[in-house]
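Work through the following exercises with the sequence and the three-dimensional model in view, and try each task before reading its solution.

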Amino acid sequence: MTAWNLLALPPLPEESARRLLAPLGDKVTVRVPARRDREALLAALPDAEIVLGDWTGALVMDAEAVRAAPRLAFVQQPSVGVDGHDLGALAAAGVPLANTPGVSAVAVAEWCLAATLALLRKLVAGDAAVRAGEWPQQSLRPGELHGSRVGVVGYGAIGAAAAGMFRAMGCEVSYWSRTPRQDPGFADLETVVGGSDVVVVAIALSDETRGLVDPRRMKQGSLLVNAARGPIVDRDGLLAALREGHLAGAALDVFEAEPLPSGDPLREFPQVLLSPHVAGVTSGVTGRLIGAVFANLAAAVEGRPIDGVVNGVSPQVSRKFTDTAAI
């Protein structure tokens, strides 16, 4: 068979992309867009059979991009999130879209736990005070996590891992997911958000979950921890809850605009821990992600079913056009 045309969208130079994909050998011909902009993406798509997605989300397979790729047979996103890709347009074209489920679950759950402890124990404020020559041993008044009520919004791999870690710390954990469960830990969204000392957001972004969590509906003096996507939390509600002192604090690894703009009002609140979307960025996650991506790409070009399809299309990848003269 002729080599599959693979268009690599990650922000890597062409030679780096070729080296990264070298284990696939002569089964693929690797190309990258001439530039990292939409015009170059659309120009590169007509010959693409496989697209390796952009983990930054700058280049996406929306409906227009799907129409520009008549030979497209498979899109592999090298991340858990598939933001920006048009799942419906890809499904209508018979193109499976796969992500890398579970590779970052432990890392993101650890960040949620660490961020909660940092807020409760006021680690950032204490560090800043000591560096400034102060010694606020009596005035910081940190809290304890043990015995707290923790609510987890979303119960996929990340939410389940986070729930397990908080339970191990002696917390009473409840959770909500879009699929009701016959489980003592499952509760309705209002109970999880409004009745918890700590609310951990770990659900995927969709039209259904945009603005799902309004911090004004959280318990007075509670903490918000968001390691999912910025738009899942109602931004106006978050700012109001912080300004009014309704929330004791928040830990945010994700934002509506990334990087966080220089004038963003979230920068004004000392009780907010700001993190540059790194909850799932660890050496362990990178290794697992690369392994999952290569396993799927190899399966696709070798005629085996792929894993992690998120748009309901068959996991068996089939070429749309074949150069019969080259077989």
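**Exercise 1.** State how far apart the C-alpha centres of domain 1 and domain 2 lie in this predicted model, and how many residues each domain gives to the contact.

*Solution.* Begin with the bounds: domain 1 is made of 4-99 together with 283-302, whereas domain 2 covers 104-274. The C-alpha centres of these two domains lie 33 Å apart. The contact between them takes 4 residues from domain 1 and 4 residues from domain 2.

**Exercise 2.** Check the span of helix 5 against its number of residues, and decide whether the helix is largely enclosed or not.

*Solution.* Helix 5 has 16 residues, and at 1.5 Å a residue these should span 22 Å; since the end C-alpha atoms are 23 Å apart, the two values agree. Turning to burial, where the cut-off is under 20% relative accessible area, 12 of the 16 residues are buried, so helix 5 is largely enclosed by the rest of the structure. Among the buried residues are Trp111, Cys112, Ala118 and Leu119. Just after helix 5, Lys122 takes a positive phi of about 55 degrees.

**Exercise 3.** Describe the lining of the second largest pocket by residue, by element and by class.

*Solution.* The second largest pocket, with a volume of about 470 Å³, is lined by 24 residues, and Ala118, Leu119, Lys122, Ala248 and Gln271 lie nearest its centre. Next, assign the lining to elements: helix 5, helix 6 (123-131), strand 9 (222-226), strand 10 (247-252) and strand 11 (272-274) each supply at least two residues. Finally, sorted by class, the lining has 13 nonpolar, 7 polar and 4 charged residues.

How values were computed
Residues numbered from 1 in each chain as written. Predicted model: local features only at pLDDT ≥ 70, side-chain atom pairs only at ≥ 80, totals over all residues. Heavy atoms only, no water. 1 Å grid on protein atoms, 1.4 Å probe; cavity = no way out; pocket = protein on both sides within 12 Å on 5 of 7 lines; lining within 4 Å. Points joined across faces, edges and corners; volume = space filled by probe spheres on them. Helix = DSSP H or I, 4+ residues; strand = E, 2+ residues; numbered from the N terminus. Nonpolar A, V, L, I, M, F, W, Y, C, P; charged D, E, K, R; others polar. Expected span 1.5 Å × (residues − 1). Buried < 20%, exposed > 50% of the residue type's maximum accessible area, 1.4 Å probe, protein only. Domains from an automatic or database assignment. Contact = heavy atoms within 4.5 Å.
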